[in-house]
Amino acid sequence: RLVFILNGPNLNLLGKRQPEIYGSDTLADVEAACRRIAEAAELEIRFHQSNREYELIDWIHEARDCAAGIIINPAAFTHTSVALLDALNCFEGPVIEVHISNIHKREAFRHHSYVSLRADGVIAGLGVAGYPLALQHMQRLLE
Ligand code: DQA
């Protein structure tokens, strides 16, 4: 089974970007951790990052045809994007939303998530460890 792991804007700078908030692991480290879990779980993953909203939307559309589940860190689009919510509402499988930081402990504008209106579960504030945990849970959901 195939799981899409999608990452929104500025996450390409993970490891360099505000490490006091997001830690020192890079997105490549996150991908490697997910690949280790995926191998053990006999899942295939497609791991993507984009700074462009339309690209994330296009991947969600692609997932409709081939993926069993989606794990998404929409980054700043979490708090702004009705379009991402609408795209996820066109996807039938489980959706898990991941945030590296605890968005509820931060500025008020980060407390609301459009994507949470669709997500089956949300992980926030566990650092990059949230990604492999989300994938482990996804495996259980897909069993
Ligand atoms: C984030 C939290 C968002 O508020 C922020 O815009 C990000 C990253 C996180 O993983 O903690 O870019 O999604």
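Which residues surround the ligand? In this predicted model, the ligand is surrounded by N10, N73, A75, A76, T78, H99, I100, S101, I103 and R110. Sorted by character, the residues of this shell divide into four nonpolar, five polar and one charged. The points below begin with the positions that UniProt annotates, continue with the loop between β4 and β5, and end with helices α3 and α5, each of which has a buried side.

**Positions annotated as active site**

- The unreviewed UniProt entry places the feature "active site" at Y22 and H99; although these positions are spread over 78 residues of sequence, they cluster in space, with a largest C-alpha distance of 9.5 Å.
- Y22 is found in helix α1, which covers residues 19-22, and because 19 C-beta neighbours lie inside 10 Å, where 20 would be needed for a buried residue, Y22 counts as partly exposed.
- When neighbours within four places in sequence are left aside, Y22 is in contact with L14, R17, I100 and S101, and of these I100 and S101 also belong to the residues that surround the ligand.
- H99 lies in strand β4 and has 23 C-beta neighbours inside 10 Å, so H99 counts as buried.
- Leaving aside neighbours within four places in sequence, the contacts of H99 are N73 and A124; N73, like H99 itself, is listed among the residues around the ligand.

**Positions annotated as binding site**

- According to the unreviewed UniProt entry, the annotation "binding site" covers N73, H79, D86, I100, S101 and R110; these positions are spread over 38 residues of sequence and are also spread in space, up to 24.2 Å between C-alpha atoms.
- Among the positions with this annotation, N73, I100, S101 and R110 are also found in the shell around the ligand.
- D86 lies in helix α4, residues 82-88, and counts as partly exposed because 13 C-beta neighbours lie inside 10 Å.

**The loop between β4 and β5**

- S101 has its place in the loop between β4 and β5, where 17 other C-beta atoms within 10 Å make this residue partly exposed.
- Not counting residues up to four places away in sequence, S101 touches I21, Y22, R106 and G125, so that one of the contacts of this annotated binding-site position is a position with the "active site" annotation, namely Y22.
- R106 is likewise placed in the loop between β4 and β5, and with 14 C-beta neighbours inside 10 Å it counts as partly exposed.
- R106 and Y22 are 84 residues apart in sequence, while their C-alpha atoms are 13 Å apart in space.

**Helix α3**

- Helix α3, residues 53-66, has 14 residues and reaches 21 Å from its first C-alpha to its last, which is close to the 20 Å expected at 1.5 Å a residue.
- The residues L56, I60 and A63 are buried in α3, and they cover an arc of only 55° around the axis, which puts them on the same side of the helix.
- An α-helix has 3.6 residues a turn, so residues three or four places apart point the same way.
- Turned away from the buried side of α3 is a face that carries the exposed residues Y54, H61, D65 and C66, whereas the buried residues of α3 pack against β1, β3 and α4.
- Within α3, L56 is buried, with 26 other C-beta atoms within 10 Å, and L56 touches L6, G8, S50, F77 and L84 when residues up to four places away in sequence are not counted.
- L56 and I96 are 40 residues apart along the chain, and their C-alpha atoms are separated by 15 Å.

**Helix α5**

- The 13 residues of helix α5, residues 130-142, should span 18 Å at 1.5 Å a residue, and the end C-alpha atoms are indeed 18 Å apart, which agrees.
- The buried residues of α5 are G130, Y131, A134, L135 and M138; they cover an arc of only 135° around the axis, which puts them on the same side of α5.
- What covers these buried residues includes the strands β1 (2-7), β3 (69-73), β4 (95-99) and β5 (121-124), together with helix α2 (27-41).

Notes. Residues are numbered from 1 along each chain as its sequence is written. This is a predicted model: local features need pLDDT of at least 70, side-chain atom pairs count only at pLDDT 80 or more; totals for chains, interfaces and linings use all residues. Helices (H or I, at least four residues) and strands (E, at least two) are DSSP runs, numbered from the N terminus. The expected span of a helix is 1.5 Å times one less than its number of residues. A residue is buried if 20 or more other C-beta atoms lie within 10 Å of its own, exposed if 12 or fewer, and partly exposed in between; C-beta atoms are placed from the backbone. The arc is that of the directions from the helix axis to the C-beta atoms. Two residues are in contact if their C-beta atoms, placed from the backbone, lie within 7 Å. UniProt positions are given in the numbering used here, feature names are shortened, and annotations may be inferred rather than shown by experiment. A residue is near a molecule or strand if its C-beta atom, placed from the backbone, lies within 6 Å of it. Ala, Val, Leu, Ile, Met, Phe, Trp, Tyr, Cys and Pro count as nonpolar, Asp, Glu, Lys and Arg as charged, and the others, Gly among them, as polar.
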